Amino acid sequence: MIDFLITVSIISSIGAVLALILVLCERYVVNYGPCRVTINDDRELDIQGGSPLLTVLRDEKIFIPSACGGRGTCGVCKCTVKTGGGAVLPTETPFLTKEEIADSVRLSCQVKVRNDIDIQIPEELFNIQEFKSTCTEIEELTYDMRRFRFELVDPPAIKFVAGQFMQLLCPKYKGSGEEVYRAYSIASDPTQRNLIDLIIRLVPNGICTTWCFDILKEGDPVMLNGPYGDFRMSETDAPMVFVAGGSGMAPFVSILSEMRNTASKRSVKYFFGGNTLKDLCMANEMKAFEEQLENFEFIPVVASPEEGSEWAGQVGLVTEAVQQTYSDLSKHEGYLCGSPGMIDAAAAVFIGLGMPEDKIYYDKFS
Amino acid sequence: MKQSPRDKKLEEVLRSTHLVAGGFMGSDSRHPIEVIEQDIIALEEAGMTTARLSQRMKELTEIATPRLGNWIDGALGKLRVKSEDFKGALVCPWPHPGTFDKRITTVEHLETGQQVTWTDLNIHMIAEHGFFEGKGAFFRIEPAEIVSILFEDEAGI
């Protein structure tokens, strides 16, 4: 038994030492030298090897969407690496389907550029820009949600589709030793091209939201990039059901603004869920949309109204309110934004009421 | 205490702010291995194992999750529980693939008002690594305290 333990210890120690040597060599000794990144068989970047592909592209102002800022936790920054990417890493496999692996799809944050590499990315990503902006207004919406307004400085204007999201660069600060990017849905009117509103909910111990709530002040410069995402209103006339909670409010403010701008007559019921009355927000803005849009109804739903409150609205989970309102959603389209759990629960309700899965639209990460 | 290269690397990762704001060690100056050893002793003194504790934490999280962040009380004796998920994921700092939903569960003892909060990552780190985080870390869990809240009704605890 003792021999066995000694053998295991020796092998483990040798493994640990070899791993350490590899890490140290990678950091201090290995020089990958110049590498060439070929994009879409057309554009070529000559760079110094050794950095993740996501970072290499970002340094060249080519922005692959990423909700976690390159930590390998969101699975969003996918691109096709035709040659030179090496083997798929264990950190990537949870985010890739068998088909994607067969098609050479990789997470760009996990692929290190060590040699010449040939990649394929959607052409529209070349249109994504980096913006210098100034935070000009911070508005408390609830105890844990704020609306941040950013006036664009350089370039001074943006074109986006209602429903899309931006990435915000959170700089180093006391609680975070490195820059990180986080994704937030745009909450502003697409016709206001010189500004971006983001609605951000404080995540306990979240790196970026803690910075936004505790450190960011009006007048501070902020870097944004975008716009990203396919979440948007379809071009059909189908009646729509919006379901949101918390900062999931953001893209719907933008979409409703777009509908108002185009005098849309499309039917929308918007269910917004809060745990208590303290979680509700923007009631006046929603009321204004009800007045401006012919077929729009805002339905706030509170799960547990505070004792003694005079809440006259719907009580329960937002998903229960949808179930009570509809018996058949087979001709409707569903739009969801909020926490992953809420999205899963609401999608299940939609499907249970007959809504086709391909008519349910959401961005879980936005 | 002489550290192996692996222990040194682990300490570096746990103290860094790469994965969570403020890191996993908070203001704790002890080595993570020391933190783990002392917390396991505290847990054993409370008559508990990491397997049983993490199983109870997991059960409570699963009970609360369908209520989308709302308190559930009544069916849990002297406890009430809520579980709220946020966008994003948490990554285990140990060198193995492991990402967890950013879900925060809070349990409150209705009589004493004591509260304990954990993430899905805490459950994993307690179950697999015996790690309750360093003192001062945002999601540090005190072993004796969580046992007293979650297992108060059980004989022998």
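**Exercise 1.** Which domains does the domain assignment give for chain A? Work out how domain 1 and domain 2 of chain A sit relative to each other.

*Solution.* Keep in mind that this is a predicted model.
- Start with the bounds: domain 1 of chain A covers 34-125, domain 2 covers 128-228 and domain 3 covers 240-362.
- Next, the spacing: 25 Å separates the C-alpha centres of domain 1 and domain 2 of chain A.
- Now look at the contacts, counting C-beta atoms within 7 Å. On the domain 1 side of chain A there are 7 residues, and they meet 8 residues of domain 2 of chain A.
- Finally, sort the domain 1 side of chain A by class: 4 residues are nonpolar, 2 are polar and 1 is charged.

**Exercise 2.** Take chain B and trace its pattern of helices and strands, then decide how compact the chain is.

*Solution.*
- Count the elements: chain B has 5 helices and 3 strands.
- Put them in sequence order and you get α-α-α-β-β-β-α-α for chain B.
- Then check compactness. Chain B has a radius of gyration of 16 Å, and the globule rule gives 15 Å for 157 residues; the two are close, so chain B is as compact as a globular protein of that length.
- For the extents, the C-alpha trace of chain B spans about 50 × 40 × 25 Å along its principal axes.

**Exercise 3.** What share of chain B is buried, and what share of its contacts between residues at least 6 apart in sequence joins residues at least 24 apart?

*Solution.*
- For burial, ask for 20 or more other C-beta atoms within 10 Å. Of the 157 residues in chain B, 38% are buried.
- For the contacts, keep just the pairs at least 6 apart in the sequence of chain B; 54% of these join residues at least 24 apart.

Note on methods
Residues are numbered from 1 along each chain as its sequence is written. Chains are lettered from A and ligands numbered from 1 in the order in which they are written. This is a predicted model: local features need pLDDT of at least 70, side-chain atom pairs count only at pLDDT 80 or more; totals for chains, interfaces and linings use all residues. Domain bounds come from an automatic or database domain assignment. Two residues are in contact if their C-beta atoms, placed from the backbone, lie within 7 Å. Ala, Val, Leu, Ile, Met, Phe, Trp, Tyr, Cys and Pro count as nonpolar, Asp, Glu, Lys and Arg as charged, and the others, Gly among them, as polar. Helices (H or I, at least four residues) and strands (E, at least two) are DSSP runs, numbered from the N terminus. The radius of gyration is taken over C-alpha atoms; the globule rule is 2.2 Å times the number of residues to the power 0.38. A residue is buried if 20 or more other C-beta atoms lie within 10 Å of its own, exposed if 12 or fewer, and partly exposed in between; C-beta atoms are placed from the backbone.
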